[in-house]
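Here are my notes for your bench discussion. Please read them with the structure open beside you.

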Amino acid sequence: MSTVPTPSITCTSLSFTWPDGTPVFDGLQAAFGPGRTGLIGRNGSGKSTLLKLVAGELAPTDGMVRTADDVGYLPQNVTLDTALRVDEVLGIAATRAALHAIEAGDAREEHFTAVGDDWDVEERAAATLDQLGLGHIGLDRTTGEVSGGESVLLRLAALLLRRPGVLLLDEPTNNLDLYARRRLYAAVDAWSGVLVVVSHDRELLDRVDQIADLRDGEVTWYGGNFSAYEEALAVEQEAAERMVRVAEADLRKQKRELVDAQVKLARRKRYGQKMWDQKREPKVVMGNRKRAAQESAGKHRILHEEKLAEAKERLDDAVEAVRDDDDIRVDLPHTAVPPGRTVLTLSNLSLRYGASVRGEFEIRGPERIAIVGRNGAGKTTLLRTISGDLAPAGGEAITHAPMRFLPQRLDVLDDELTVAENVARQAPDATNNRVRARLARFLFRGAKADQRAATLSGGERFRAALAALMLAEPAPQLLLLDEPTNNLDMASVRQLSSALESYEGALIVASHDLPFLESIGITRWLLLDGGLSELAGDRPQLTKDRPEIPTEVVGYPE
């Protein structure tokens, strides 16, 4: 006889409020069972907070979290002490030291106790590192010698070695290059325990068994991966919108019936008053009839008012079921670039940290350029050099059109200013009405435009930064974006894609997010790997030996 598996994570009446009084959860009920779960939701919905509560990094304000097994947690922002050795990060330093002592002839009991049954710890560590593409990193190296992406994989390697029953991953593909992402995908595919992953990476979410949608403090479950979730949600939203139309029609009907009832009651009242004035019947009879009419009229009015209130409630419920995930709409004709116009020229450009562009490289017209490459290849350095934030080590980068740069840190906003004030600062000649009309297209309407930048959620901050750049005067005809989808929820990624669809200028995007790059109509793919090379085909071809290096490379040789 089969038994229902016990949930591995149970949240019971879970409440959490930040110290400043901002509530996140109020009585959340949720249970995560075996398998791989993709936890999704809009920015600010509490996904990362929930993982921290499960991991024990935060304490609930009320309620409780129970886990049926050991929990391993990979946070969104991985920071490692640069002085730590790799074996210390992996948690095997003490075991290794004891093992080496025994091998050197030191047979003290404490060393055998430290090793236990883990005599092959170094072999297992090496195999795990190799599985994640970190085979070149020795156990005695320090973490100061590894890149940011390698730090993420190193923390993941430590968790895989530990084999916790429950694994929590928060945006694990942020800052990972395409090669490292493939390694992480393989690790997720091979994971046999309980996995809960928060991510905006569609390829990763298409590897899960179920989707948990966190919205308005509640979790809704959908079977299957993210693609199946989108199909189910589309059907659900179509039904919800149909119910809104039905509820609106019912509300109009109830309003008409209430008006009709009020007209009839008014007529009866006038007739009764006329009969009373003419005194055609005994006073007692007319009094009884008047009281009965008033009672009947009152009941009739109450009945119709109740029906109207119920119709309004049904409409409110129906409207609530329809998601308000608006798209950004940008109509900026001044961003248009004629097809033959030169927008950017790089001449024998050498970057500060080693990469270079030999000869001359040009971007003409409204091209859409994707820059890909391994972590540490210099993609951010290249964009910062083009934008003028960094001076080149040699050569020059010349822009021939108004240019704007959106860095990963979104530090183009002044936290002390409102959204409207930040935009006005970039367009000093624009009137207040003009600024607000344009901000409405970026979903900052009314009071939202008067919010201080410091109070915005991650997705809102991104939209505000994008608005400040794209609404700047003169309008940017060259837009540089550095890893724009990092930390964005799926709705915000769609909003960004819709905004860029209507942008008519030239675009350079450094990103590891292939589905996003494909969604915005990239026209040329450039690989930064020591030099700048153009990739043949519609997207990078990943090979086993040299990921991101295509079988054919054309133009701009190193």
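**Notes on the predicted model**

1. Start with the aromatic cluster. Tyr222, Phe226 and Tyr229 are linked into a cluster by ring pairs. Keep in mind throughout that this is a predicted model. By the ring-centre rule, the count comes to 5 aromatic pairs.

2. One of these pairs is Phe16 with Trp18. Their ring centres are 4.8 Å apart and their planes stand at 85 degrees, an edge-to-face arrangement. Burial of the two residues needs a separate look. Phe16 has 6% relative accessibility and counts as buried. Trp18 is partly exposed, at 32% relative accessible area.

3. Now take Phe226 and Tyr229. Why is this pair called tilted? The planes meet at 40 degrees, with 5.3 Å between the ring centres, so the pair is tilted; edge-to-face would need planes over 60 degrees apart, and stacked would need them under 30. Both residues belong to helix 9 (residues 226-278). They are 3 residues apart there, which means a separation of about one helical turn. Phe226 is buried, at 1% relative accessible area. Tyr229 is buried too, at 5%.

4. Two arginines deserve a check against aromatic rings. Arg374 lies over the face of Tyr179, 4.5 Å from the ring centre. Arg463 places its charged end over the ring of Phe444, at 4.8 Å from the centre.

5. Next, the open sheet of 6 strands. Its order is 5-6-7-3-8-9, and the pairing is mixed. Why is one side of strand 5 (71-74) and of strand 9 (218-223) left without a neighbour in the sheet? Both stand at the edges with a single partner strand each, so one side of each has no neighbour there. On average, neighbouring strands of this sheet are turned by 20 degrees against each other, direction ignored.

6. Within that sheet, look at strand 3 (residues 36-40) and strand 8 (residues 210-215). The two strands run parallel and are joined by 4 bridges. Leu39 has Ala212 in strand 8 as its bridge partner. Helix 1 (residues 47-55) lies across strand 3, strand 5, strand 6 (166-170), strand 7 (194-198) and strand 8. The helix runs at about 150 degrees to strand 6.

7. A further open sheet has 3 strands. They are ordered 11-10-13, with antiparallel pairing. Which strands are at the edges? Strand 11 and strand 13 (394-399) are, and each pairs on one side only. From one strand to the next, the twist averages 5 degrees. Helix 11 (residues 379-387) packs on the sheet and touches strand 10 and strand 13. The direction of helix 11 makes about 120 degrees with that of strand 10.

8. Finally, the hairpin. Strand 10 (residues 342-350) and strand 11 (residues 356-364) run antiparallel, with 7 bridges joining them. Ser347 has Glu360 as its bridge partner in strand 11. Thr345 stands opposite Glu362 in strand 11. How many residues lie between the strands of this hairpin? There are 5, and Gly354 takes a positive phi near 110 degrees in the hairpin.

Note on methods
Residues numbered from 1 in each chain as written. Predicted model: local features only at pLDDT ≥ 70, side-chain atom pairs only at ≥ 80, totals over all residues. Heavy atoms only, no water. Pairing = 2+ DSSP bridges. Axes fitted to C-alpha atoms, helices over the stretch in contact; angles between N-to-C directions. Contact = heavy atoms within 4.5 Å. Phe/Tyr/Trp six-rings, centres within 6.5 Å; stacked < 30°, edge-to-face > 60°. Buried < 20%, exposed > 50% of the residue type's maximum accessible area, 1.4 Å probe, protein only. Lys NZ or Arg CZ within 6 Å of the ring centre and 35° of its normal.
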